[in-house]
Amino acid sequence: MGLHHGHILRLLRDEGPLSRADLARRSGLSSTTLTHISAQLIRDGSIREVAGSESARIGRPAQSIGLVADAHYVAGVHIGAINGQAVITDVTTQEMARRSFDYNPDDPDHIISKACQTVTELSSELKLDVKLA
């Protein structure tokens, strides 16, 4: 996924469903580029067409596109002074699961191991296919 793809996904996350014309204006991308990017994101299941908003415009109603919340998930880890937190959210930042974990603060490998273990456990409980990098 490229830089423009991420920008479009962020706009849709932050502002909700938008028409392609609104996305082009807000992103600064040409309508042709936006059409190609939105087609790729629809093919991979990240976005979908949704009912457009009612407006007083003349002509064909705009077809909006919005995020598919469960298309992808995000794991975040916070390492605190005395323990850690792991969280998994959908792409709209809706929290799906959270858990604290303890670790040995003097052993960086242990911290990483516990963080990965916790994310893996949360993912398993949510029945998600996880690929840790």
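## An aromatic pair

How many aromatic pairs does the structure hold? In this predicted model, there is 1 aromatic pair. Its partners are Phe101 and Tyr103, with ring centres 6.2 Å apart. Their planes meet at 50 degrees, so the pair counts as tilted, because that class takes in planes that are neither under 30 nor over 60 degrees apart.

Are these two residues buried or exposed? Phe101 has a relative accessibility of 4%, so Phe101 is buried. Tyr103 is buried too, with a relative accessibility of 9%.

## Around Gly84

Let's turn to a residue that touches both rings' owners. Gly84 is in contact with Phe101 and Tyr103, and also with His78, Ile79, Arg99 and Ser100, once neighbours within four places in sequence are left aside. Gly84 belongs to strand S5, which covers residues 84-90. With 0% relative accessibility, Gly84 is buried, as under 20% is the cut-off for that label.

Here is one more distance to look at in the model. Thr118 lies 34 residues from Gly84 in sequence, and their C-alpha atoms are 9.6 Å apart in space.

## Two packed helices

How do helices H2 and H3 pack, and at what angle? Helix H2 spans residues 20-27 and helix H3 spans residues 31-43. Their axes are 10 Å apart and make an angle of about 115 degrees, and H2 passes H3 in a right-handed crossing.

On the H2 side, the contact is made by Arg20, Leu23 and Ala24; H3 brings Leu34, Ser38 and Ile42. By character, the residues of this contact comprise 4 nonpolar, 1 polar and 1 charged.

Note on methods: Residues numbered from 1 in each chain as written. Predicted model: local features only at pLDDT ≥ 70, side-chain atom pairs only at ≥ 80, totals over all residues. Heavy atoms only, no water. Phe/Tyr/Trp six-rings, centres within 6.5 Å; stacked < 30°, edge-to-face > 60°. Buried < 20%, exposed > 50% of the residue type's maximum accessible area, 1.4 Å probe, protein only. Axes fitted to C-alpha atoms, helices over the stretch in contact; angles between N-to-C directions. Helix = DSSP H or I, 4+ residues; strand = E, 2+ residues; numbered from the N terminus. Left-handed = near helix turned anticlockwise from the far one by under 90°. Contact = heavy atoms within 4.5 Å. Nonpolar A, V, L, I, M, F, W, Y, C, P; charged D, E, K, R; others polar.
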